[in-house]
Amino acid sequence: MKRIIVFFSLIFCTYTLSAKATYTLSAVIRNSNNEVLPAVSVVLLPGERMCLSNEKGEVCFTDLSEGTYSLKISYLGYKDLDLELYINKDRFTNFYLEEDNKEISAAFVSGDINVQRNLKSSLAIEQLTSNFIQENQAASLMKSLEKLAGFSSIEIGAGQAKPLIRGLGFNRVIVAENGVKHEGQQWGADHGLEIDKFSVQNIELIKGPSALAFGADAIAGLIHIKRSPLPVRDVFRANISTSYMSNNNYASLSLMLENRRKSFYSSVSASIVGYGDYRVPADAVNIYSYKVPLYKNYLRNTAGREYNAHIDLAYIRNNFYTILTVSNYFSKSGFFANAHGLEPTKVDNKSFDKSIFDIMYPSQSVNHIKISSESFFRLDKHNVKLIMSYQNNFRQEFAQYVSHGYMPNNLPKQFEQEKNLERLFNKDFLTFKLNDLWRKGINELNFGAEFNYQNNLISGWDFIIPKYKQLNLSSYLTASHQFSKTFRLNYGVRAEYAYLDINEYKDWFASGNDSNKGNLVRVNASKKHYKDIVFSLGFVYNEGDFMFKSNLGKSFRIPLAMELAANGVNYHYFRYEQGNINLSAEHSYQLDFAFSFNKKDWQIEFSPFLNYFPNYIYLNPTSDFDVLYGAGNQIFKYVQEKVFRYGAELNISKTFFNRLRLSSISEYVKSIQLSGNKKGYGLPFSPPFTTRLEARYNFSSSEQFKNPYLSFEYIFSAEQNDIVPPEETTQAYNLFNLACGVDIAVSKYNVQFNINVNNLFNTKYYKHTNFYRLINLPEQGRNIAIIAKFSF
């Protein structure tokens, strides 16, 4: 620890002693008629400093050391301007923005700002702003992303969802927040991400292997939640957001305050969410061979609550800033009462049907604390960033005790105080991440090192996974070189080492007959070591209105403790799951392409991919049943097989009369197992072919009513026959959605108002990636969402 302190003290002293003269960049933002433009957003990189032009169109950045800087200038109704400047003296200049007659639809986000970002990256990248999130707000953040090609979600009721990228999810997709991997209980499909969607301002989405910067697990891609750039000048801002959704009486309220005074910056946000049981277009559902009646179409005990708080504190000086972030997420929600446990036929429906807002057993609560520090130093041409983070994920599952196998009929005294605590998972997660970005002109060299440590504890009267500890060490190097105006090469390599220490688990009750009693050892202690090197190589070729890019990448991930050492009943699936301690690290090789055309009113992008796993890990159903410890449930075992996947996304958009925009987004994924007893079959939860067609009309703005729009969306999802038995096929379906919105200016204030009507005709349909699809439970019925955001 002393060496670490000395090391960073030397960095700080070196920075202080080597401080050089600083300069000022001043500019005026104008349009093509030489008129000044106020309230233009200007972002300066590195350092992520942001300011808005004043009423005279002026912006000013001070305390700049010599070096190359990137400027991103954006203003509604004008084309975004990205440029680079070399600063070695005080500079004054004029920036001219070109009017953009194209009204970019929020549903087709590969607009100008994304085109500029993609000119540098050989992977498929989408950039989402708070406007997109506001217009497409859903009960969960991951559900809001489904309008994007290649993105879908595994839903757990009305308020929880996990992301899927090109059909892969769980620990094959990394969700990161401000440079730190979000670490919860990713192995479970029965709960969502512990992130407050109201605090999210910007999201960067990457399809394809993204392990170089964020480590193992980013096989399918990355969802990076990023804070907005810090304001440059003194400013105070506030906004209040509220929303209501009709299907389950969902209601939310959030508040955000933001303040900067000289070198000090702070922001505070808080939100509260409540919702009742949600409704489906059915009066009964069949759970295996048992028909369950639904009272007024409600799924009993699917209500929930959320309480969130988020604080940012920053200190900003010449070529330096440090940001401390503290957040806490808490949620409590029920599980569908007729689809949990070993005896779904013995549910007291009348008790659950008394109120749609009660949360009874079975239920879960999750509390996620995150404390992180981000410090940035500019040392000559080096841009050094240090991130330190601590997370605690505390999850509890509650249910009335039900014995099975050799479990006693009544709980012993040791469980009296927590007799309804079925399972408890308590995870501590530490991150240290050091990164150095070196720029010379438009070329970049990026070096980084990362340390992660996690400790996982368990409790409760039931068992599924053991206690374990995990250590990850890695270092990486990435580079980007512009060889000509049209050709850019990107490449990188990452070395990673992982250590997994799994504890022994022994039943708290005796098993066997009178002559051979003892406590069954479900899991033996084990220590596992993994190491690997991953790489990425790609290029971008840009010629006028055409762009072609390609990327070849290798990724890997270590097996989860669940995959290695599970040995118990999963009550959500009515099955017995067994891990395989001999699983090796999973490897993936992927080749991505992207072809795009952008000219005037046309935007077209085609993104095919090929993906090969020599040892894909998944849970395979067997013909065996565990009558002693699994109450007669079918046994599922984790196996590794060769898998080949391919697919593509196609985006097409056309604007008519500068107002009407027609767009289509289509996606297709195909998976084939190449080995094992399921050879020739696909993979579980694979999304079917899907097409989204949208017509969006942008009305003329007035002084008081700005950016009014009306959109109509049609969704076609094909039948999914690419399954793995005992998984069942799902039928094709058609959905229709409506949306409208407007920004209302009242004095110096602004109100952003949106109305969305999802499943307009209350269609009964089954989504193949839904958690409850396994018990033939249809999706939500018609849902009207009203969203308002007041900015001060």
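1. In this predicted model, an open sheet is built from five strands in the order E6-E5-E2-E3-E16, and the pairing within it is mixed. Its edge strands are E6, covering residues 81-87, and E16, covering residues 230-231, each of which pairs on one side only.

2. At the E6 side of that order, one pairing can be followed down to single residues. Strand E5, residues 67-74, runs antiparallel to E6 and is joined to it by seven bridges, and within this pairing Ile73 has Leu81 in E6 as its bridge partner.

3. Further along the chain, strand E26 (residues 421-440) and strand E27 (residues 443-459) run antiparallel and are joined by 17 bridges. If you wish to find this pairing in the structure, a useful place to look is Thr431, which stands opposite Asn452 in E27. The two strands form a hairpin with two residues between them, and in this hairpin Gly441 takes a positive phi near 65 degrees.

4. Strand E27 also pairs with strand E28 (residues 468-482), again in the antiparallel sense, over 13 bridges. Here the residue to look for is Asn456, which stands opposite Tyr468 in E28.

5. The strands just described return when one turns to empty space inside the model, for which the second largest cavity, with a volume of about 290 Å³, is the example taken here. It is lined by 27 residues, and those closest to its centre are Asn171, Lys181, Asp217, Gln454 and Gln470. The elements that give two or more residues to this lining are E26, E27, E28, strand E29 (487-502) and helix H7 (561-565).

6. Which element gives the most to the lining of the second largest cavity? That element is E28, which supplies four residues. Sorted by class, the lining of this cavity holds 11 nonpolar residues, nine polar residues and seven charged residues.

7. A careful reader should also ask how confident the predictor is in each part of the chain. The pLDDT averages 84 over the chain, and 90% of the residues score at least 70. Over residues 1-19, however, the pLDDT stays under 50, and for this stretch the model has 10 contacts beyond four places in sequence. Residues 101-117 likewise have a pLDDT below 50, and this second stretch has 54 contacts in the model beyond near neighbours in sequence.

Terms used: Residues numbered from 1 in each chain as written. Predicted model: local features only at pLDDT ≥ 70, side-chain atom pairs only at ≥ 80, totals over all residues. Heavy atoms only, no water. Pairing = 2+ DSSP bridges. 1 Å grid on protein atoms, 1.4 Å probe; cavity = no way out; pocket = protein on both sides within 12 Å on 5 of 7 lines; lining within 4 Å. Points joined across faces, edges and corners; volume = space filled by probe spheres on them. Nonpolar A, V, L, I, M, F, W, Y, C, P; charged D, E, K, R; others polar. pLDDT = per-residue confidence, 0-100. Contact = heavy atoms within 4.5 Å.
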